[in-house]
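User: Hi! I have a new structure open and I'd like some help finding my way around. Could we go through it together?

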Amino acid sequence: MADILYTYKNQIYANITNKCDCSCQFCIRSHKDSVGEAENLWFKSEPTLEEIKKAMDEFDFTGYEELVFCGYGEPTCALENLLAGAAYAKEKYGIKIRLNTNGLANLYHKRNIVPELAEVIDSVSISLNAPTAEKYQEVTRPQFENAFPAMLEFASLAQETFSHTQLSIVDVLPEDEIKTCQRIADERGIYLKIRKFS
Ligand code: SF4
């Protein structure tokens with residue numbers, strides 16, 4: 001069984017699925033089997049809710065304030081376990097919940113799932129990745145044709161709903177693309193996190 005909870009740079013992460021509706025060029029899954037203190041993040045079979053709860057019960061949350069759903073897959077592709085797992089961690093361990101996502105869940109589920117997420121999740125970080133639809137398709141290789149506008153719409157809905165929403169890019173983008181990404185975020189009143197490439 002792969003690691004469900006793992007730590008990296010003093011932060012706890014929940015890896016609840018290997019499913020994903022993108023195939024990003026830069027995805028860490030294509031060159032490493034784990035991150036941080038995890039040994040292996042590939043599941044032989046997708047974890048059940050009971051297995052996710054058991055991993056939480058075996059983890060010592062002392063000193064941690066936030067659990068981040070972000071693993072070797074897109075957490076919203078395992079929506080039921082994401083919602084139930086987040087509710088369990090919040091209720092039992094009084095911990096805040098963050099979701100790191102590609103922002104394509106409303107396309108994947110063919111409905112607006114933001115209200116469902118809002119019941120258990122405190123903050124959301126959405127991968128912007130690119131400044132235009134064309135670049136986005138090229139870099140993230142999503143299952144959908146209209147992924148870029150759908151991701152931005154998801155981000156705006158999230159911004160209206162969660163106490164903290166951010167878009168994120170990595171600092172390897174050229175300066176002009178970073179500026180365009182900043183403008184996209186500013187136009188929507190959303191904080192842009194520029195992560196260092198590591
Ligand atoms: S959305 Fe995340 S998990 Fe999916 S391919 Fe891209 S980087 Fe990898």
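**A chat about the fold**

Analyst: Happy to! Let's start at R141, which sits in the loop between α5 and α6 (147-161). Keep in mind that this is a predicted model.

User: What is the phi of R141?

Analyst: Phi of R141 is near 45 degrees, a positive value in a residue other than glycine. Most residues other than glycine have a negative phi.

User: And how exposed is R141?

Analyst: R141 counts as partly exposed, because its relative accessibility is 44%.

User: What about K110, where is that one?

Analyst: K110 is in the loop between α3 (105-108) and α4 (114-118). Phi of K110 is positive too, near 60 degrees.

User: Is K110 buried or exposed, and why?

Analyst: K110 is exposed, because its relative accessible area is 75%, and the cut-off for exposed is over 50%.

User: Okay, new topic. Where does Y136 sit?

Analyst: Y136 belongs to helix α5 (residues 133-140). Y136 counts as buried, because its relative accessibility is 0%.

User: Which residues is Y136 in contact with, leaving aside its neighbours within four places in sequence?

Analyst: Among them are N102, L104, F148 and M151. R141, where we started, is also in contact with Y136.

User: How far apart are Y136 and K196?

Analyst: They are 60 residues apart in sequence, and 19 Å apart in space from C-alpha to C-alpha.

User: Let's look at the sheet. How many strands form it, and in what order?

Analyst: Seven strands form an open sheet, in the order β1-β2-β3-β4-β5-β6-β7, and the pairing is mixed. The edge strands are β1 and β7 (191-195), each of which pairs on one side only. From one strand to the next, the twist averages 30 degrees.

User: How do β1 and β2 run?

Analyst: Strand β1 (residues 5-8) and β2 run antiparallel, joined by four bridges. In one of these pairings, T7 has I12 of β2 as its bridge partner. The hairpin of β1 and β2 has two residues between the strands, and K9 takes a positive phi there, near 50 degrees.

User: Are the faces of β2 covered? Which residues are on each side?

Analyst: Both faces of strand β2 (residues 11-14) are covered. Q11 and Y13 are on one side, I12 and A14 are on the other, and all of these are buried. In a regular strand the side chains alternate between the two faces of the sheet.

User: What is on the other side of I12, in β3?

Analyst: In β3, the bridge partner of I12 is L67. Three bridges join β2 to strand β3 (residues 66-69), and these two run parallel. Between them the chain crosses from β2 through helix α1 (residues 49-57) to β3, in a right-handed β-α-β crossover.

User: And how do β6 and β7 pair?

Analyst: Strand β6 (residues 164-170) pairs with β7 in the parallel sense, over five bridges. I169 stands opposite I194 in β7. Helix α7 (residues 175-187) lies across β6 and β7, running at about 150 degrees to β7.

User: One last thing: which residues are around the ligand?

Analyst: They are C20, C22, S23, C24, F26, C27, R29, G73 and N102. This shell divides into five nonpolar, three polar and one charged. You have met N102 already, as one of the contacts of Y136.

How values were computed
Residues are numbered from 1 along each chain as its sequence is written. This is a predicted model: local features need pLDDT of at least 70, side-chain atom pairs count only at pLDDT 80 or more; totals for chains, interfaces and linings use all residues. Side-chain values use heavy atoms; hydrogens and water are left out. Buried means under 20% relative accessible area, exposed over 50%, partly exposed in between (1.4 Å probe, protein chains only). Two strands pair if DSSP finds at least two bridges between them. A crossover is right-handed if, with the strands pointing away from the viewer, the path from the first strand over the helix to the second runs clockwise. A residue is near a molecule or strand if one of its heavy atoms lies within 4 Å of it. Ala, Val, Leu, Ile, Met, Phe, Trp, Tyr, Cys and Pro count as nonpolar, Asp, Glu, Lys and Arg as charged, and the others, Gly among them, as polar. Axes are lines fitted to C-alpha atoms, for helices over the stretch in contact, and angles run from 0 to 180 degrees between N-to-C directions. Contact means heavy atoms within 4.5 Å.
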